[in-house]
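The exercises below ask you to read a protein model step by step. Try each task with the sequence and the structure in view before you turn to its solution.

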Amino acid sequence: MAAGNYDDEEDHPPLLQTSNHNLTGTVWTALAHFIAGVIGSGVLSLAWSVAQLGWIAGPLCVVVIALFALVSAFLISDVYVYTNPSNGCTTRNHSFLQAVHNILGYKNGLVCGCLVFFSLFKTGVVYVITSAICMRAIKQSNCFHKEGHDAACEFEHKYYMLMFGIIQIIASQIPNIFHTKWLSIIAAIMSFTYSSIGIGLGLAQVIEQGVIKGSINGISTTNPTQKVWLVAQAIGDIAFSFSFSLILLEIQSTLKTPPSQKVTMKKTSTIAVFITASFYLCCGASGYAAFGDLTPGNLLTGFGFYEPYWLVDFGNACIVLHLVGGYQVSQDLSILVIYLIEMDFMRVVPEIV
C-alpha cells in the first residue's frame with residue numbers, strides 16, 4: 001500500500017509520545033539524550049568482546065561499526081522532513097516508526113512496528129536484568145570485602161528486579177521526551193562515571209602487574225566452531241552497543257531552529273559517535289590488557305575487580321541510576337497498545353491474511 005493511500009497516516013503519534021511544546025533542544029541536550037540511550041553498562045562488557053577478537057580485530061571492529069552507525073544516523077536525520085512525491089505533502093517524522101510508516105506505507109509500517117517494539121521489549125528486559133545484577137553486585141562486593149574473595153556470597157536478584165520496576169512506574173509519570181532533559185543529563189553523567197571507573201581500574205591493574213596481556217588472535221579455543229560462535233557473539237555485542245536509530249528522530253524533534261534540525265542532529269551524531277567509540281575503545285582495551293584470556297563478561301559485576309570495594313559499589317550504583325534514565329528514554333512495550341489502537345490494527349488484518 002502506498003504511503004498516501006489512507007487518509008490519516010500523518011496523524012499517527014510518534015513512537016515516544018510528544019506534545020506541542022516550544023522547541024528548546026540544543027546540541028548538548030540532544031547529546032545527553034544520546035549518551036543516556038546508547039552508552040549503557042554494555043561498555044563494561046566490551047573488554048570481553050575485544051578479548052574474543054584480539055588486539056587487531058577488536059578495536060578495528062569497534063571503529064568500523066561506529067562509522068556504520070554514523071552513516072546510519074546521517075541517513076535517518078535526512079528523512080525527518082519528508083515530502084510525499086505522490087501528493088506533494090510535507091510531513092515531519094517524529095520517530096523511526098513514523099518515518100517507515102509515511103515513506104514505505106501502512107503495511108511496512110505495521111511490520112516495522114512489530115520489529116521495533118520487539119527490540120524495545122528486549123532492551124527493557126536487558127535493562128531490568130542488568131540493574132538487578134548491579135544491585136546484587138553491590139551486596140556481593142561488601143560480602144567479599146568482609147568474608148574474603150573465596151566466600152560464598154550468592155544472593156537472589158528477583159527482589160531487585162521488582163525494585164527497579166517500582167522505580168520505573170514512578171519515573172514513567174514523566175509525560176514525554178521534552179520533560180526528560182534533566183533525567184538524561186543525570187544518566188549521561190552516570191554513564192561517564194562508571195565507564196571511567198572501569199577504564200581507571202583496568203589501567204591501574206596493568207600498571208601494577210607491569211605487563212599488557214592479550215594476543216592478536218584473541219582467546220584461543222579447542223573447538224573452531226566455538227571460536228566462530230564467540231567471535232560472532234562479540235561482534236553482535238559491539239553492534240548492539242551502537243544502536244540508537246530508534247530514538248534519533250525523537251531527539252531531533254526536540255531541537256530548536258535555527259540552524260536547521262538536520263544540521264544540529266548531524267553535528268550531535270558526530271560528537272556522540274566519537275565519544276561513544278572513544279569510551280568503548282578505552283574500556284575494551286584496558287580491560288583486555290588487564291585480564292587477557294581471563295577477561296570477565298563485565299568488569300564491575302563480573303568481579304574482575306574486588307578492591308577498592310567502595311569504588312566498585314559506586315560504579316554499580318552509577319549503572320543503576322543510568323539505566324533508570326536510559327529505560328525512560330528508550331521507553332517500553334506498553335506504547336505498542338497505544339500505537340495499535342491509533343493505527344486501527346484490526347482494519348489491516350483481513351488485508352494481510
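Angles between helix axes are sorted into classes: under 35 degrees counts as roughly parallel, over 145 as roughly antiparallel, 65 to 115 as roughly perpendicular, and the rest as oblique. The axes are lines fitted to C-alpha atoms, for helices over the stretch in contact, and the angles run from 0 to 180 degrees between N-to-C directions. The model is predicted, and local features need pLDDT of at least 70, side-chain atom pairs count only at pLDDT 80 or more, while totals for chains, interfaces and linings use all residues. Residues are numbered from 1 along each chain as its sequence is written, and side-chain values use heavy atoms, with hydrogens and water left out.

**Exercise 1. Describe the protein chain as a whole, and state where the model has low confidence.**

Step one is to list the elements, where helices (H or I, at least four residues) and strands (E, at least two) are DSSP runs, numbered from the N terminus. The protein chain has twelve helices and two strands, and along the sequence they follow the pattern α-α-β-β-α-α-α-α-α-α-α-α-α-α.

Step two concerns burial, for which buried means under 20% relative accessible area, exposed over 50%, and partly exposed in between (1.4 Å probe, protein chains only). Of the 353 residues in the protein chain, 49% are buried.

Step three concerns contacts, meaning heavy atoms within 4.5 Å. Among the contacts in the protein chain with a separation of 6 or more, 83% join residues 24 or more positions apart.

Step four turns to pLDDT, the predictor's confidence in each residue, from 0 to 100. Its mean over the protein chain is 78, and 82% of the residues reach 70 or more. Over residues 1-19, however, pLDDT stays under 50, and the model has 59 contacts beyond four places in sequence for them; pLDDT also stays under 50 over residues 332-353, for which there are 30 such contacts. Where pLDDT is low, the predicted coordinates should not be read in detail.

**Exercise 2. Work out how helix α8 packs against α1 and against α9.**

Begin with α8 itself, in which seven of the eight residues are buried, namely L246, I247, L248, L249, E250, I251 and Q252.

Next, take helix α1 (residues 27-38) and helix α8 (residues 245-252), whose axes come within 10 Å and cross at roughly 160°. The two helices are therefore roughly antiparallel to each other. On the α1 side, A30, H33, F34 and G37 meet I247, L248 and I251 of α8. When residues are sorted by class (Ala, Val, Leu, Ile, Met, Phe, Trp, Tyr, Cys and Pro as nonpolar, Asp, Glu, Lys and Arg as charged, and the others, Gly among them, as polar), this contact of α1 with α8 has five nonpolar, two polar and no charged residues.

Finally, the axes of α8 and helix α9 (residues 261-291) come within 10 Å and cross at roughly 135°, and α8 and α9 are therefore oblique to each other. Here L248, I251 and Q252 in α8 meet Q261, K262, M265 and S269 in α9, a contact with three nonpolar, three polar and one charged residues.

**Exercise 3. Characterise the packing of α2 against α7.**

Two packed helices are described by the angle between their axes and the distance between the axes. Helix α2 (residues 46-78) and helix α7 (residues 224-240) pack at an angle of about 50°, with their axes 9 Å apart, and that makes α2 oblique to α7. Among the residues that make the contact are W48, Q52 and I65 of α2, together with K227, L230 and D237 of α7. By class, the contact of α2 with α7 has twelve nonpolar, three polar and two charged residues.

**Exercise 4. Which residues lie far along the chain from L183, P259 and A232, respectively, and how far apart are the C-alpha atoms?**

First, L183 lies in helix α6 (residues 181-209) and counts as buried because its relative accessibility is 10%. L183 and G326 are 143 residues apart in sequence and 8.6 Å apart in space, C-alpha to C-alpha.

Second, P259 lies in the loop between α8 and α9, and its relative accessible area of 46% makes P259 partly exposed. The C-alpha atoms of P259 and T26, which are 233 residues apart along the chain, are separated by 10.0 Å.

Third, A232 is found in helix α7 and, at 45% relative accessibility, counts as partly exposed. A232 and S49 are 183 residues apart in sequence, with 9.5 Å between their C-alpha atoms.
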